[in-house]
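Got your viewer open? Let's take a short walk through this one, a selection at a time.

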Amino acid sequence: MKLKKQVTVCGGAIFCVAVFSLYLMLDKLQHDPARRQNSGGNFPRSQISVLQNRIEQLEQLLEENHQIISHIKDSVLELTDTGAVSPSGHLPFRSSNGSWVLPFDGRAAFLSIKPQDCQFAQGPRSSPMLDVYSLLSFDNVDGGVWKQGFEITYDPNEWDDEPLQVFVVPHSHNDPGWVKTFDKYYYDQTQHIFNNMVVKLTEDPRRKFIWSEISFFVKWWENADIHKQEAMRKLILGGQLEMVTGGWVMTDEANSHYFAMIDQLIEGHQWLERTLGVIPRSGWAVDPFGHSATMPYLLKKANITSMLIQRVHYSIKKHFSSTRSLEFMWRQSWGECTDIFCHMMPFYSYDVPHTCGPDPKICCQFDFKRLPGSRVNCPWKVPPRAVVDANVAERAALLLDQYRKKSKLFRTKVLLVPLGDDFRYDKALEWDQQYQNYQRLFDYMNARSEMHVQAQFGTLSDYFNAVYKANDVAPGTRPPDHPVLSGDFFAYADREDHYWSGYYTSRPFYKNLDRVLESHLRGAEILYSLAVAHARHGGMEGRYPTTDYALLTDARRDIGLFQHHDAIAGTAKEVVVIDYGSRMLRALVGLKRVIINAAHFLIMKNKDVYLSFGTSCVSLCIFVILLIPNPHRQFISTALQHLLSRSLRYLVVFNPVEQDRLCLVTALVNTARIRLLTEDGQTLPVQLSAQWSSAVQMSPEVYQVCEALGLMLRGLDVCLVIDWALISFSLYLVLQTIRRKDDPQVMRVQFQFVTYGTRPSKDKSGAYLFLPDGKAKPYRQKDQPVVRVVEGPLFSEVVAHYQHFEQTVRIHNVPGVDCLSVDITIMVDIRDQANKELAMRVITDIQSEDTFYTDLNGFQIQPRRYFQKLPLQANFYPMPTMAYIQDGQYRLTLHTAQALGVTSMDSGQLEVILDRRLMQDDNRGLGQGLKDNKRTANRFRLLLERRAGRNLAEEKTEPVSFPSITSHMTSAYLNHEVLALPVLPKKRGVPPLQTFAPLAGTLPCDFHLLNLRSVQNQVTTPSPYTALLLHRRGLDCRLESHNLGFNCTTTHGQLSISSLFRGLDLQLLQPMSLSLMYSSPPLANDSSVSLDPMEISAFKLKLR
């Protein structure tokens, strides 16, 4: 009470002094004779103006004093309640027990999740792939001519009543970068495929072809003359050429994040619709190295009705073939409405020898590019023969036998036979060889009713339509008796124990850069769309640089290109990787320019002078900070490394997540005397630390300043700091245990570092394959690590320097999401190693047994099981964003900022491969090892959560799991860091700036604003429309609730779009398919939209 009285007295005294001063000034002016000589008794106009200005200044000072007094009063009341008193206002201080206290003020955050939003995670599920893995023995028995299968027999009379329909589908798989760069592939081969296509398909309307990679097609189209364009358009609209999937690339499905997978799909589909009026209907994925359950969901949401996959473990293919389950409805584990019809190719590869039937020796004889005299031949030593009248009967019978055998693996008498390979049909001669010889075979078969076959060239959709027609169901509908399957197809093995699990980690530097770029792209999309909308709202369309849209388009395409299954996978040649890196750097520079221009426009108080000043920067919640350093020093931003002026400067900070956020922002300064203020002049807590130039050397001139910022959508709103956990370290400062503040139990969380070699036999690990020489060996070095400890009010950390890596373990002393997990960074450098793979192993007391969980593309969680019947490398899985283990009491989640490979070798363990350096090729076509390693920062968050008591035996039968809301937010914070951008003052000074908060309120915390994407009009200009993509996350509510630092509520999937964006009018709200190709009737502008858990929905908006 004494403190309250002191604050009240001080505030009243200040107010009285201010009022009395004003009274004296007015009294003096009134009685001053010199000021009353005017005959009318009135003041001169200039003196009245001066007086008015002074009164306004005084009123402003009084208001500021009032705010400061209120702020101090609230802080004192908070501190009185906690029994702690800050000796210096808002600065951090130590309490009586020695711990740091941050005197934040504001309302307490709360968590309110509706019970019905939690029931989703407990519903019934479909049969998962995990059951199939448990069933199979993976014994790899020799199957005869079909080495990985079995002998196929048939009754020749089976087709007497219903002839076999055969669709031969010519195709050419074009990698947008692999052993050649994208451009070199285009100029050497791909452009010739298109040029020949225009001529050769036109020669005969019975000829068909499919194409997948829109990135190549766009490049050809932009370089083709109008006559070629019109000829190509006619082929597409006439059904001879089908665009399948229609994405910018055939995306990798292990390492790619679902944001990027969707974005490259939209980019391809939007170009096709805008340029050709074409809408893809079927998905085609013959080369990704394993298949994720996320891809069928995205295709389904884009209104694609059917899909095809190829690279699946040979034992899985054999099992599905034996049960005639190669065609199935692929269902997400959470609901029937996600079903999509899927065709799995049964044999080893998508090349011609492995597509006509089970015997590659025979099928190779029908790859007419391999005719004698060609540079390509058949490994089985029996070459093809041109089809002529003298041999057509024998050739047709031999081929039909393969068709019939293959058809026995399916439930419908409709057969798909792909005809192509990598970069096929680049010569006019091959077009003639394939089409002319096959047409002679088709004519012979079709003319003889006793053969009971109807064979023709077709597209992928021609085949699927025939399947639906034969089963008398609508396209996309489940045919009778066809199975339903959920789950994914990792890890992929093409033969023996050759598991393609190495590429989950290959070239982690670029996997990390990809995630940084995706966050920048999302931020740039959102800011650009908002800036354009606010410019329209203010009647300033001509003032805002919409030419930045070209930079956005280039970045979309460069990031989309990197989602290719040989790019983000890390399986391209070194020169190609350099080309990808150059494109990504160019995209990053362009995105920063877009962010700078959009942020500059949005934070200016007076937008009429927008073009008169230089640039600044921001993101979803824009928050302006004042930095007051020593006037003889300079401030340096870590983000852009710009030198600022020597006077008061501004730092603009962008929060790219949808929720209020309290977090730490770090910058470099070259003065120890620095003060940080908010936009309204309030002091921010800071921590000043040394900047280390080496493990033992501090920089004498540069310091690291870390500030705690409340980035809110409705102003500063943080809660009191809490001590979350006590962590302990071993003698060599390796993390050993974690004890939560509110839990007496000490949890062992021990980090070990181990290494794998590669086997000494002929087959060795490479870019694709992981073939270790046995179990991992402990990492050892002769010298003890160099260790330093940093302890401060905002964070404390331990840094241990080893020969090949540097481990940083940091805990945050701020309320909210960041303080609930341990921040871990492993800086890896193994450039002096040969055939070594470095792994990080987390060992705990959690009784997880053989079960663990990994995410698929950052979208969903897939339960895993460590199978002792499989080799070590078969038990590794992709981990794009998280993996966790759990028992009835605890869940431990390892969040990651880059895709890596993960497993759980033993109960209570998680193991992550950090980097790989391999000196040889693994015989999968690349022709190189992995020797271009870079010093790479692998970033993680370790989250320990208490669970309500659960039965592990029951959980093993559940094919699905979901993260908690805390885990979702931890992943979002890790993958969408705050952007801190400096304002560069011009000679005319810095214009008045203000905080920009785009949303009228926080979104429900199970909603994720996936993107706010300006819809393209032309390549360089946006249309008046914006695509809003929303994802409603699935939650597991059976974990403890935390204070997240913001008000977390759910609304049972309801969201009002009209009241979402502050300061903008909603003029159109129209539901769309995921890639914006299909539209539903517009909704009333004041309508609420509804999303089911896990649902991704797209809407076309017109904001003004």
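Begin with helix H12, which gives the lining of the second largest pocket its largest share, three residues. Keep in mind that this is a predicted model.

**Around the pocket.** Select H12 (428-446), then add helix H4 (182-202) and strand E11 (414-422); each of them supplies at least two residues of the lining of the second largest pocket. To find the middle, pick Asp351, Arg370, Val376, Asp421 and Arg424, which lie nearest the pocket's centre among its 40 lining residues. The space in there comes to about 1,000 Å³. Colour the lining by residue class and you should get 17 nonpolar, nine polar and 14 charged residues.

**Over to the sheet.** Now select nine strands and follow them across in the order E27-E28-E29-E30-E39-E36-E35-E32-E33: they form an open sheet with antiparallel pairing. Which strands stand at the edges? Those are E27 (786-791) and E33 (860-865); each has a single partner strand, so one side of each is left without a neighbour in the sheet. Look along the sheet and you'll find neighbouring strands turned by 20° against each other on average, direction ignored.

**One strand pair.** Zoom in on E36 (residues 890-896) and E39 (residues 936-946), an antiparallel pair joined by seven bridges. For one of the partnerships, show Arg891 together with Glu945 in E39.

**Last stop.** Add helix H18 (residues 965-975), which packs on the sheet and touches E30 (821-828), E35 (882-886), E36 and E39. Compare directions here: H18 makes about 165° with E39.

Conventions: Residues numbered from 1 in each chain as written. Predicted model: local features only at pLDDT ≥ 70, side-chain atom pairs only at ≥ 80, totals over all residues. Heavy atoms only, no water. Pairing = 2+ DSSP bridges. Helix = DSSP H or I, 4+ residues; strand = E, 2+ residues; numbered from the N terminus. Axes fitted to C-alpha atoms, helices over the stretch in contact; angles between N-to-C directions. Contact = heavy atoms within 4.5 Å. 1 Å grid on protein atoms, 1.4 Å probe; cavity = no way out; pocket = protein on both sides within 12 Å on 5 of 7 lines; lining within 4 Å. Points joined across faces, edges and corners; volume = space filled by probe spheres on them. Nonpolar A, V, L, I, M, F, W, Y, C, P; charged D, E, K, R; others polar.
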